[in-house]
Amino acid sequence: MLGAVRELLVEQGFDALSVDAVAEQAAVHRTTVYRRWRDVGGLLADVLDAAGSDGWQPPDTGSLEDDLAALNAEVEAGLTDEPVTAALIAASFRSPEAASALQRFWEDRYARCAVVVERSVARGECPVGTCSRRVLVASTAPVYQQILLMRGGNDPLLARQAARGVALAAAGGAFVDGREG
């Protein structure tokens, strides 16, 4: 069923997504879908929740810059190679249930990725008190900007440059909690 949601979302967009269309795509009676999901929002939420239940872990390359570059490369691939990712993000602006599920997904991903910064602090690459969320957002934001907002496609140089800039800023203490500038 969730595969049918992903397919329809990518092929036809949010506006064409309906419980009836999902039932038809999945080759089941619509009451089968209605019994479990009352609306499209519930279907989208389950697709997003399923994405967060994987065993994914962030890379461990041995340096903050390389870990961030690897994360950025994964974000790039997710947004360019998997069209459902961008479609789900877009759908979250139209469905409160999908928005809540996407928030849960991000919270999970940021929690999993905190180890990237924790390892860098342990290696002495950045100071104690460095905020992992701020480091991760600063590193990945240019990739999301390039692909989702500017619709510019994959730019591996940007991913590496963003990682390098954030790693340097983190080393200088720019992301220590409570510090400005």
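# A tour of an all-helix model

The secondary structure of this protein comes to 9 helices and 0 strands. The model is predicted. Read along the sequence, the pattern is α-α-α-α-α-α-α-α-α.

**Whole chain.** Start with everything selected. The C-alpha trace spans about 60 × 30 × 30 Å along its principal axes. Of the 181 residues, 40% count as buried. Switch to a surface: the protein exposes about 9,400 Å², and carbon and sulfur atoms supply 53% of that area. Colour by charge next. There are 17 positive and 25 negative charges, and the mean positions of the two sets are 3 Å apart. For a contact map, take contacts between residues at least 6 apart in sequence; 68% of these join residues at least 24 apart.

**Helix α6.** Select residues 83-91, which make up helix α6. Its buried residues are Val 84, Ala 87, Leu 88, Ile 89 and Ala 91. An α-helix has 3.6 residues a turn, so residues three or four places apart point the same way. Val 84, Ala 87, Leu 88 and Ala 91 are among the buried residues to display on this helix. Now add the surroundings. What covers these buried residues includes α1 (2-12), α4 (40-51), α5 (64-80), α7 and α8.

**The aromatic cluster.** Stay with α7 and α8, and show the aromatic side chains. How many aromatic pairs does a search of the whole structure find? The search finds 2. One of them joins Phe 105 and Trp 106: the ring centres are 5.4 Å apart and the planes stand at 65°, so this pair is edge-to-face. The cut-off for that label is an angle over 60 degrees.

Is Phe 105 buried or exposed? Phe 105 is buried, with a relative accessible area of 15%. Trp 106 has a relative accessible area of 23% and is partly exposed; the limit for buried is under 20%.

Select Tyr 144 as well. Its ring and that of Trp 106 have centres 5.9 Å apart and planes at 90°, so this pair is also edge-to-face. Trp 106 lies in helix α7 (residues 96-122) and Tyr 144 in helix α8 (residues 132-149), so the pair ties together parts that are 38 residues apart in sequence. Phe 105, Trp 106 and Tyr 144 form one aromatic cluster.

**Ser 63.** Move to the loop between α4 and α5, where Ser 63 is found. Its relative accessibility is 17%, so Ser 63 counts as buried. Measure from its side chain: a polar atom there lies 3.1 Å from the backbone nitrogen of Asp 66. Which residues does Ser 63 contact, leaving aside its neighbours within four places in sequence? They are Arg 123 and Glu 125.

**Ser 18.** The last stop is another serine in a loop, Ser 18, between α1 and α2 (19-26). At 27% relative accessibility, Ser 18 counts as partly exposed. Its side chain reaches the backbone nitrogen of Ala 21 at 3.0 Å. To finish, draw a C-alpha to C-alpha distance from Ser 18 to Trp 37: these residues are 19 apart in sequence and 11 Å apart in space.

Note on methods
Residues numbered from 1 in each chain as written. Predicted model: local features only at pLDDT ≥ 70, side-chain atom pairs only at ≥ 80, totals over all residues. Heavy atoms only, no water. Phe/Tyr/Trp six-rings, centres within 6.5 Å; stacked < 30°, edge-to-face > 60°. Buried < 20%, exposed > 50% of the residue type's maximum accessible area, 1.4 Å probe, protein only. Helix = DSSP H or I, 4+ residues; strand = E, 2+ residues; numbered from the N terminus. Contact = heavy atoms within 4.5 Å. Polar contact = N/O pair within 3.5 Å; in protein donor to acceptor, adjacent residues only side chain to side chain. Areas by Shrake-Rupley, 256 points an atom, 1.4 Å probe, with all protein chains shown as cover. Lys, Arg positive; Asp, Glu negative; His and termini not counted. Charge placed at Lys NZ, Arg CZ, Asp CG, Glu CD.
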